[in-house]
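Let's take a short walk through a protein model, one piece at a time. Keep the picture open as you read.

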Amino acid sequence: MIMLRNGLEKTERFNIVSKDEGVPLVAFSLKDSSSHTGFEISDMLRRYGWIVPAYTMTPNAQHITVLLVVIREDFSRTLAERLVINIEKVMRELYELPSRVIHKISLGEEKSEADGDNLMVTVKKSDMEKQRKIINGWKKFVSDRKTTNGIC
């Protein structure tokens with residue numbers, strides 16, 4: 001547990017929010033969550049075989065996402081070191097991606113006003129349209145990356 005806490009603190013990207021004593025777990029949050037979220041970190045860690053759930057805090061602090069690692073008896077120093085290395089890899093990968101692509105793409109309502117009439121038209125997009133827009137945004141991003149890196 002100490003190895004994991006120290007490793008996370010050394011990255012200087014996380015705040016440790018759990019106490020040193022009591023329950024065998026390490027809870028931590030991103031210091032700067034303006035570009036990426038704890039949910040993205042949790043999702044990307046699954047590729048390395050780690051299940052590190054992310055939770056939002058209570059209503060007064062719901063802008064904070066906490067990642068939680070429960071320490072079992074067989075959680076060795078080697079496993080802690082490997083987890084920290086994988087978290088660092090995920091952080092490097094995340095910062096190469098565009099920040100919060102989902103939030104950059106319009107997912108909400110489109111509004112338009114007619115001049116003088118004060119007429120407001122609201123068009124809600126279906127879930128399928130939202131998903132298509134996200135997928136197309138990612139496809140464009142990957143395509144642009146391939147052409148700028150000379151892959152295609």
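## Strands side by side

In this predicted model, strand E1 (residues 14–16) and strand E2 run antiparallel, joined by three bridges. You can find one pairing for yourself: Ile16 has Phe28 of E2 as its bridge partner.

E2 also runs antiparallel to strand E4 (residues 65–70), and here five bridges make the connection. Look at Phe28 again: its bridge partner in E4 is Leu67.

## An enclosed strand

How many of the six residues of strand E2 are buried? Six of the six are, so this strand, residues 25–30, is largely enclosed by the rest of the structure. For a residue to count as buried, its relative accessible area must be under 20%.

## A helix with two faces

Now turn to helix H3, which covers residues 77–96. At 1.5 Å a residue, its 20 residues should span 28 Å, and the end C-alpha atoms lie 29 Å apart, which agrees.

Which residues of H3 are buried? They are Ala80, Leu83, Val84, Asn86, Ile87, Val90, Met91 and Leu94. Their arc around the axis is only 165°, which puts them on the same side of H3. A general rule helps here: an α-helix has 3.6 residues a turn, so residues three or four places apart point the same way. On the face turned away from the buried side, you will find the exposed residues Arg77 and Glu96.

## What the helix packs against

The buried residues of H3 pack against strands E1, E2 and E4. They also pack against two helices, H1 (2–11) and H2 (38–45).

Methods. Residues are numbered from 1 along each chain as its sequence is written. This is a predicted model: local features need pLDDT of at least 70, side-chain atom pairs count only at pLDDT 80 or more; totals for chains, interfaces and linings use all residues. Side-chain values use heavy atoms; hydrogens and water are left out. Buried means under 20% relative accessible area, exposed over 50%, partly exposed in between (1.4 Å probe, protein chains only). Helices (H or I, at least four residues) and strands (E, at least two) are DSSP runs, numbered from the N terminus. Two strands pair if DSSP finds at least two bridges between them. The expected span of a helix is 1.5 Å times one less than its number of residues. The arc is that of the directions from the helix axis to the C-beta atoms. Contact means heavy atoms within 4.5 Å.
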